[in-house]
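Trainee: Could you show me how to read the helices in a model like this one? I'm happier at the bench than in a viewer.

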Amino acid sequence: MKPIGPVARRTTLMAFLAAGIFVPAAPAMASATFDACAAEAASQYEVGYESTGREIWDINTATAIEACKKALEADPDSSQLKGWLARAYFADGNYEDAVPLFEEAAEGDSVVAQAIFGDMLITGDGVDVDMERGAEFLKRGAEAGFALAQNSLGLSYDFAEGVKQDYNEAARWYRAAAEQGMPKAQSNLGLMYQDGLGVPQDYVAAAAWFQLAVDAGDVSAHVNLGKLIQDGLGQKSDPKRAAELYKVAADEGDMYGQNNLAFLYENGEGVKQDLKKAAELYELAAEQGMALAKHNLALLYEDGRGVTQDYNRAIKLYREAAEGGEMRAAVNLGLLYMDGTGTDVDYAEALKWTEMAADQGQPIGLNNMGHIYENGLGVPVDEAKAKDYYEQSAAQGYDLAIDNLARLNEATSGSGNTSGKTKTK
């Protein structure tokens, strides 16, 4: 497999907050305390606060909380002030005080609270999960024209979170937010064009939206545009440019950028081959829990490329990657136990991990299950089962399974080397 491409569309709630929050402008005759709260807790995405608003990480939480508490004391019914104070508490990591304020403000007319609290309900961040209620708050904020609520509502339609999956609606709301200049939405709309979901597949349009988000500094857009360029979709492949984009993301600590840049260093694509550097980058991504990076790093440890060969480390990484959903790691772990490479032969463990991959439809796992049953490796010989597994793998175009199936159809004896190892990334 090539390096991972589009990153997950729903980022953490903090990622949305970091992009900034936008609410209706303050009344012209707003009190001094209202203005003081806005000066400390408003976002550059809010109408009227484009030049004075700030990112959430730039909030001086102690100052903002004090200012917004005073403002709310002066105007206790203001949903906008409740939303701002809740945002300040949230930035300070104080969910206990933030949540009730978000709920009150969201029930009112605060679009900032509707967006943040709606996402919290969907993700279960600090509150019990209630996706349907969360989606309702997002709808209210989105229909009021609030870009962050629009993007989040697009995500809900994209992944059927609290609403029925509808790619057309997802693309519509992504576009609404993207046209307001929200980088996350621009990147998400680019992904829709790349995949042909809710819009016609158009790699040129995808690249254009990714580029807008890149120009605004969005890290995930660097990865998405890099992958598009690396694969030559809608343009000539340019691994060097892809590496430059991945490096920006990797330097920001993005695990997808780290993994993809590592892949290029491992294979000498767009950069001078450097296996040690590849291992270091895979390690950084693996430490963040990325299953694919763990699998890729395990391959290096198994083969001793860029690192000292260490089967125990490889086995540990393969296991963690497989448990994290990377089925190629499950295939490789099964093969180590099947062949007794770096460990004792253990057909029970080989069956466990190989079957895990096969159950997920992984073609090499399916082929290897055929090998296990054809040869009776820890199980009774069962050529009917073997043939069924080979057929499922062959239907996906896996060449070794096609050969094994043809051989089994021609003769019912002899097997040879019929297992396959997934050595790609």
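Mentor: Let's walk through some helices and the way they pack. Keep in mind that this is a predicted model.

Trainee: Fine. How many residues does H16 have, and how far does it reach from its first C-alpha to its last?

Mentor: Count the residues, then compare the reach with the expected rise of 1.5 Å a residue. H16 covers residues 291-303, which is 13 residues, and it reaches 19 Å, close to the 18 Å expected. H17 also has 13 residues, with a reach of 18 Å against an expected 18 Å. For H18 you get 13 residues and 18 Å, again close to the expected 18 Å.

Trainee: And how many residues of H16 are buried?

Mentor: Start with the general idea: an α-helix has 3.6 residues a turn, so residues three or four places apart point the same way. Now the case here: H16 is largely enclosed by the rest of the structure, because 12 of its 13 residues are buried. Among them are Lys 294, His 295, Asn 296 and Glu 302, alongside Leu 297, Leu 299 and Leu 300.

Trainee: What do the buried residues of H16 pack against?

Mentor: Four helices: H14 (255-267), H15 (275-287), H17 (311-323) and H18 (327-339). Just past the end of H16, look at Gly 304, which has a positive phi of about 70°.

Trainee: Which residues are buried in H17?

Mentor: Click through Ala 314, Ile 315, Leu 317, Tyr 318, Ala 321 and Ala 322; these are buried. Their cover includes H16, H18 and H19.

Trainee: Then how many residues of H18 are buried, and what do they pack against?

Mentor: In H18, 12 of the 13 residues are buried, so this helix is largely enclosed by the rest of the structure. Arg 328 and Asn 332 are among the buried ones, as are Leu 335 and Leu 336. The buried residues of H18 pack against H16, H17, H19 and H20 (363-375). After H18 comes Gly 340, with a positive phi near 70°.

Trainee: Next, how do I describe a packed pair? At what angle do H18 and H19 cross?

Mentor: Two packed helices are described by the angle between their axes and the distance between the axes. The axes of H18 and H19 (residues 347-359) come within 8 Å and cross at roughly 160°. Angles over 145 degrees count as roughly antiparallel, and H18 and H19 are therefore roughly antiparallel to each other. Their crossing is left-handed. On the H18 side the contact includes Met 327, Val 331, Leu 333 and Tyr 337, and on the H19 side Tyr 347, Trp 353 and Met 356 are among the partners. By class, the contact has 11 nonpolar, two polar and one charged residues.

Trainee: At what angle do H7 and H8 pack?

Mentor: H7 (residues 131-143) and H8 (residues 147-159) pack at about 135°, with their axes 8 Å apart. These two are therefore oblique to each other, and their crossing is left-handed. From H7, Ala 135, Leu 138, Lys 139, Gly 141 and Ala 142 meet residues of H8 including Leu 153 and Tyr 157. That contact comprises six nonpolar, four polar and one charged residues.

Trainee: One last residue: is Ser 393 buried or exposed?

Mentor: Ser 393 sits in H21 (residues 383-394). Its relative accessible area is 0%, so Ser 393 is buried. Beyond its neighbours within four places in sequence, Ser 393 is in contact with Pro 363, Leu 366, Asn 367, Tyr 398 and Ala 401.

Notes
Residues are numbered from 1 along each chain as its sequence is written. This is a predicted model: local features need pLDDT of at least 70, side-chain atom pairs count only at pLDDT 80 or more; totals for chains, interfaces and linings use all residues. Side-chain values use heavy atoms; hydrogens and water are left out. The expected span of a helix is 1.5 Å times one less than its number of residues. Buried means under 20% relative accessible area, exposed over 50%, partly exposed in between (1.4 Å probe, protein chains only). Contact means heavy atoms within 4.5 Å. Axes are lines fitted to C-alpha atoms, for helices over the stretch in contact, and angles run from 0 to 180 degrees between N-to-C directions. Angles under 35 degrees count as roughly parallel, over 145 as roughly antiparallel, 65 to 115 as roughly perpendicular and the rest as oblique. A crossing is left-handed if the near helix is turned anticlockwise from the far one by less than a right angle, and right-handed if clockwise. Ala, Val, Leu, Ile, Met, Phe, Trp, Tyr, Cys and Pro count as nonpolar, Asp, Glu, Lys and Arg as charged, and the others, Gly among them, as polar.
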